[in-house]
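This report describes one protein chain and the ligand modelled with it. Please keep the structure in view while reading.

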Amino acid sequence: MAAKKVLIVYAHQSSGSFNAAAKDAAVEVLKAKDYAVEVSDLYAMKFKATATAEDITGDVKNADHFCYAEETKLAWEAGKLSADITEEQRKLKEADLVILQFPMYWFTLPAIMKGWIDRVLTLGFAFSNEKRYSQGIFKDKKAMLSFTTGSQESMFSANGVNGDMNVTLWPLQHGILHYCGFQVLAPQIFWAPSHVTSEVRGTMLENWRKRLDGVMGEEPLSFTPLDCFDGEKGFQLKPEVCEKHATKEFGLTVGIHLGKPLPPNNQMKAGV
Ligand SMILES: Cc1cc2nc3c(=O)[nH]c(=O)nc-3n(C[C@H](O)[C@H](O)[C@H](O)COP(=O)(O)OP(=O)(O)OC[C@H]3O[C@@H](n4cnc5c(N)ncnc54)[C@H](O)[C@@H]3O)c2cc1C
């Protein structure tokens, strides 16, 4: 059997950072398991963060009204995407597991990593109207967010000042990763590494190493399958699905909650 391949997309400016330590630990543990590991170090690569017409080599179809998604789809089909996007798409296509490693910026990921998402996950290559969510193009691949925060865990709890981390994660895990079909593994969250002792940081990294040792066998988070929604009726939940869940205490997922309480930790743990 061919060796498993892992792509780590990494966004931190400093090799002395905790994010660098988390990335380095992942490279070491996964390589020791004989996985092929590639790292896209976005700041070191000076990765372009903006989605523009320069992402296409040669003429575009409609320069007067440039539509990024359509133009890049055509360019992808014609092999005319810029070299940096084509190279990232090669890495992504080969990967069995993708880890996004980053510090949380403004409740989401840093702009340079959002740029990687905007530019690399091209229409046609990563998703289409027919192929998304549970029927998505990358449904045989796994993906995981691994990130640090400035906030303590309690601040991102259901009663915390920042609101529930499950809600914060929904756009990234559902709207980006699962939209492209990825099986999304539970996020790895390093809470406030700047505000804990070096001993606690050491334990965080040790736990990360232990988790990585079995990461390929992990069950993904639950999302509602696409065939539960009626494409003829604006992709709303089918009545029979609503009926089936009428007596349940919690909604289906954090984002699709049927007017009920959010299912606790639906975006943090598999099997809930
Ligand atoms: C623009 C911006 C927006 C932000 N928005 C948010 C937000 O919305 N929510 C939020 O919670 N936070 C936010 N933050 C804070 C940010 O998420 C944290 O500063 C960041 O996650 C900390 O991670 P780091 O890798 O940069 O830590 P670092 O400061 O690099 O590291 C933390 C500590 O770990 C030490 N360390 C490094 N390597 C190791 C090692 N091998 N072993 C043990 N210790 C080690 C370092 O020396 C340091 O003492 C924001 C920050 C910025 C700049």
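The sections below cover the domains, the annotated region and the ligand shell.

## Model and domain layout

The structure is a predicted model. Its protein chain falls into two parts: domain 1 spans residues 5-219, and domain 2 spans residues 222-272. Taken over C-alpha atoms, the centres of domain 1 and domain 2 lie 25 Å apart.

Contact between the two involves 16 residues on the domain 1 side and 13 residues on the domain 2 side. On the side of domain 1 that touches domain 2, seven residues are nonpolar, six are polar and three are charged.

## Annotated region

An unreviewed UniProt entry places the feature "domain: Flavodoxin-like fold" at residues 4-211. Over residues 4-211, helix makes up 36% of the chain and strand 15%. The C-alpha atoms at the two ends of residues 4-211 are 16 Å apart.

## Ligand shell

Which residues are closest to the ligand? They are S17, A21, P103, T148 and G150, out of 21 residues that surround the ligand. By class, the shell around the ligand holds eleven polar residues, nine nonpolar residues and one charged residue.

Two helices, α1 (18-32) and α6 (198-213), each supply at least two residues of this shell. The most is given by α6, which contributes four residues to the shell around the ligand.

Notes: Residues are numbered from 1 along each chain as its sequence is written. This is a predicted model: local features need pLDDT of at least 70, side-chain atom pairs count only at pLDDT 80 or more; totals for chains, interfaces and linings use all residues. UniProt positions are given in the numbering used here, feature names are shortened, and annotations may be inferred rather than shown by experiment. A residue is near a molecule or strand if its C-beta atom, placed from the backbone, lies within 6 Å of it. Ala, Val, Leu, Ile, Met, Phe, Trp, Tyr, Cys and Pro count as nonpolar, Asp, Glu, Lys and Arg as charged, and the others, Gly among them, as polar. Domain bounds come from an automatic or database domain assignment. Two residues are in contact if their C-beta atoms, placed from the backbone, lie within 7 Å.
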